[in-house]
Structures are given as structure tokens and as C-alpha cells.
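Colleague: I am new to this structure and would like to know what the labels used for it rest on. Could we go through them in turn?

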Amino acid sequence: MPHYVAIVEDAGPDKAVGIWFPDLPGCFSAGDDIDEALRNAQEALALYADSIAKEGRALPAPRTVSALRNDPEVADDLRDHTVALVALPAATVHAAE
């Protein structure tokens, strides 16, 4: 089961917590707190994978945190925000293949 690195942006108690995936452009999620945002992130990841599969495209392979640290477009976000690994649900993995 692949896991994708997620960037968790928490702007404080009066704002939603945002989550986005450096390897999946346009795939993002949010929630009222970090726990809700992470639960929603797995659903967003599954919906993104389904959409990609319907277009006949393959889901990009997830990069490691080490590889993302070497990407200048992502390195600052890794340093400044919480990082989480979000699993692609097993049913979605088989649908995307």
C-alpha cells in the first residue's frame, strides 16, 4: 500500500487545517483540526486516484521525504510545516492499476 507525503498547514485555531500532497498536483484536503484533516486527506487521495485512473493515467509514484527535501520547490514547506504519510486505500490501489 503506497503512502504519500502530505504537508499539513495549521494556521491556528480560528482557521481550517489544510493538507496537500507534493507528488499529486491539485490533490488537497482540509478539516477543522489536524485529525479531521488527515481523515479527509485519505478520502481526497482516493478520489484523486480514481480520477486519474478514469483518465487512463497512472498515479505518480510517491517520493520519499528525503527525495522531497532535495526538491527546492518543497524543501521550505517540509521545514516549516508538519509532515504526515497518508496511505492510499487498498481498494484504490487495485483500481488504479
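Modeller: Yes; keep in mind that this is a predicted model. We can start with Asp-76 and Arg-79, whose side chains meet in a salt bridge at 3.0 Å, N to O.

Colleague: What makes the contact of Asp-76 and Arg-79 a salt bridge?

Modeller: The limit is 4 Å between a side-chain nitrogen of Lys or Arg and a carboxyl oxygen of Asp or Glu. Asp-76 and Arg-79 are at 3.0 Å, N to O, so the pair qualifies.

Colleague: How are Asp-76 and Arg-79 placed in helix H3?

Modeller: Helix H3 covers residues 75–80, and the two are 3 residues apart in it, so about one helical turn separates them.

Colleague: Why is Arg-79 called exposed?

Modeller: Exposed means over 50% relative accessible area. Arg-79 has 58%, so the word applies. Asp-76 has 41%, which lies between the 20% and 50% limits, so Asp-76 is called partly exposed.

Colleague: Which other residue does Arg-79 form a salt bridge with?

Modeller: Asp-80, with the closest N and O atoms 3.4 Å apart. That value is within 4 Å, so this pair also counts. Asp-80 is partly exposed, because its relative accessibility is 48% and exposed would need over 50%.

Colleague: Which residues do salt bridges with shared partners join into one network?

Modeller: Asp-23, Arg-63 and Asp-71 are joined in that way. Within this network, Arg-63 and Asp-71 form a salt bridge with their closest N and O atoms 3.0 Å apart.

Colleague: Are Arg-63 and Asp-71 buried or exposed, and how do you know?

Modeller: Asp-71 is buried, because its 17% relative accessibility is under the 20% limit. Arg-63 has 30%, so Arg-63 is partly exposed.

Colleague: How many salt bridges does a search of the whole structure find?

Modeller: The search finds 5.

Colleague: What makes up the negative surface patch?

Modeller: Asp-10, Asp-32, Asp-33 and Asp-35 form this patch. Asp counts as negative, so the patch carries that name. A patch residue needs over 30% relative accessible area, and Asp-35 has 51%, so Asp-35 meets that condition. The value is also over 50%, so Asp-35 is called exposed.

Colleague: Where does Asp-35 lie?

Modeller: In helix H1, which covers residues 34–54. Asn-40 lies in helix H1 as well, and so does Ala-46.

Colleague: Why is Ala-46 called buried?

Modeller: Ala-46 has 14% relative accessibility, and buried means under 20%, so the label fits. Asn-40 has 27%, which lies between 20% and 50%, so Asn-40 is partly exposed.

Colleague: How far apart in space are Asn-40 and Ala-11?

Modeller: They are 17 Å apart, C-alpha to C-alpha, and 29 residues apart in sequence. For Ala-46 and Asp-80, the C-alpha atoms are separated by 26 Å, with their positions 34 residues apart along the chain.

Colleague: Which residues have the most contacts inside the largest nonpolar core?

Modeller: Ile-19, Phe-21, Leu-24, Leu-45 and Leu-59, in a core of 19 residues. Strand E1 (3–10), strand E2 (17–20), H1 and strand E4 (82–87) each supply at least two residues of this core. H1 gives the most, with 7 residues.

Notes. Residues are numbered from 1 along each chain as its sequence is written. This is a predicted model: local features need pLDDT of at least 70, side-chain atom pairs count only at pLDDT 80 or more; totals for chains, interfaces and linings use all residues. Side-chain values use heavy atoms; hydrogens and water are left out. Patches are made of residues with over 30% relative accessible area and no salt bridge: like charges are joined within 9 Å, nonpolar side chains (Val, Leu, Ile, Met, Phe, Trp, Tyr) within 5 Å. Accessible areas come from the Shrake-Rupley method with a 1.4 Å probe; for residues, only the protein chains shown count as cover. The place of a charge is taken as NZ of Lys, CZ of Arg, CG of Asp or CD of Glu. Helices (H or I, at least four residues) and strands (E, at least two) are DSSP runs, numbered from the N terminus. Buried means under 20% relative accessible area, exposed over 50%, partly exposed in between (1.4 Å probe, protein chains only). A nonpolar core is a set of buried Ala, Val, Leu, Ile, Met, Phe, Trp, Tyr and Cys residues joined through side-chain atoms within 4.5 Å.
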